[in-house]
Amino acid sequence: MTPVLTQHHATAHAPRIRDDMTVEVALSLMAGARVDHLVLCDGDDQSTGLITLARLSLLRDAPTYTDRVRLRDIPEG
């Protein structure tokens with residue numbers, strides 16, 4: 001029997017990405033990896049938090065959104 005991958009993975013198994021990545025690239029990576037969140041890392045590969053698909057989707061739908069927004073530029077909250 002082949003194991004089934006779900007969209008809800010433990011944080012330890014979520015892809016790690018740098019915070020200088022754009023929102024569009026992060027969304028593409030999430031779709032390819034079939035995950036609903038990514039672990040954010042700084043330039044020294046230290047975890048700085050996570051970003052969820054729901055949050056990125058809301059941001060992308062905002063009227064002020066541009067495809068140049070980087071993950072580190074997203075306000076907290």
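**View 1. Strands S2 and S3 pair in the antiparallel sense.** In this predicted model, 5 bridges link strand S2, residues 37–41, to S3. Strand S3 covers residues 47–52. One bridge joins Cys 41 to Ser 47, its partner in S3.

**View 2. A hairpin connects S2 and S3.** Between the two strands lie 5 residues. Asp 45 sits in this turn. The phi angle of Asp 45 is positive, at about 60 degrees.

**View 3. Leu 38 is a buried residue of strand S2.** Leu 38 belongs to S2. Its relative accessibility is 0%, so Leu 38 counts as buried; the cut-off for this is under 20%. Which residues does Leu 38 touch, leaving aside those up to four places away in sequence? Pro 15, Ile 17, Ala 26, Leu 29 and Met 30 are among them. Gly 49, Leu 50 and Ile 51 complete the list.

**View 4. Leu 38 and Ile 51 meet across the sequence.** The two residues are 13 positions apart in the chain. In space, their C-alpha atoms are 5.4 Å apart. Leu 38 also touches Ile 51.

**View 5. The largest pocket has a volume of about 190 Å³.** Where does the lining come from? Asp 19, Leu 40 and Arg 55 contribute to it. So do Thr 48, Gly 49, Leu 50 and Ile 51. Leu 71, Arg 72, Ile 74, Pro 75 and Glu 76 also line the pocket. Strand S3 gives the most to this lining, with 4 residues. By class, the lining holds 6 nonpolar, 2 polar and 4 charged residues. Gly 49, Leu 50 and Ile 51 link this view to View 3: they line the pocket, and they touch Leu 38.

**View 6. The whole protein has 2 helices and 3 strands.** In what order do the elements run? From the N terminus on, the order is β-α-β-β-α. The protein has 77 residues, and 29% of them are buried. Its exposed area is about 5500 Å². Carbon and sulfur atoms supply 53% of that area. Among contacts with a separation of 6 or more, 49% are between residues 24 or more positions apart.

Conventions. Residues numbered from 1 in each chain as written. Predicted model: local features only at pLDDT ≥ 70, side-chain atom pairs only at ≥ 80, totals over all residues. Heavy atoms only, no water. Buried < 20%, exposed > 50% of the residue type's maximum accessible area, 1.4 Å probe, protein only. Contact = heavy atoms within 4.5 Å. Areas by Shrake-Rupley, 256 points an atom, 1.4 Å probe, with all protein chains shown as cover. 1 Å grid on protein atoms, 1.4 Å probe; cavity = no way out; pocket = protein on both sides within 12 Å on 5 of 7 lines; lining within 4 Å. Points joined across faces, edges and corners; volume = space filled by probe spheres on them. Nonpolar A, V, L, I, M, F, W, Y, C, P; charged D, E, K, R; others polar. Pairing = 2+ DSSP bridges.
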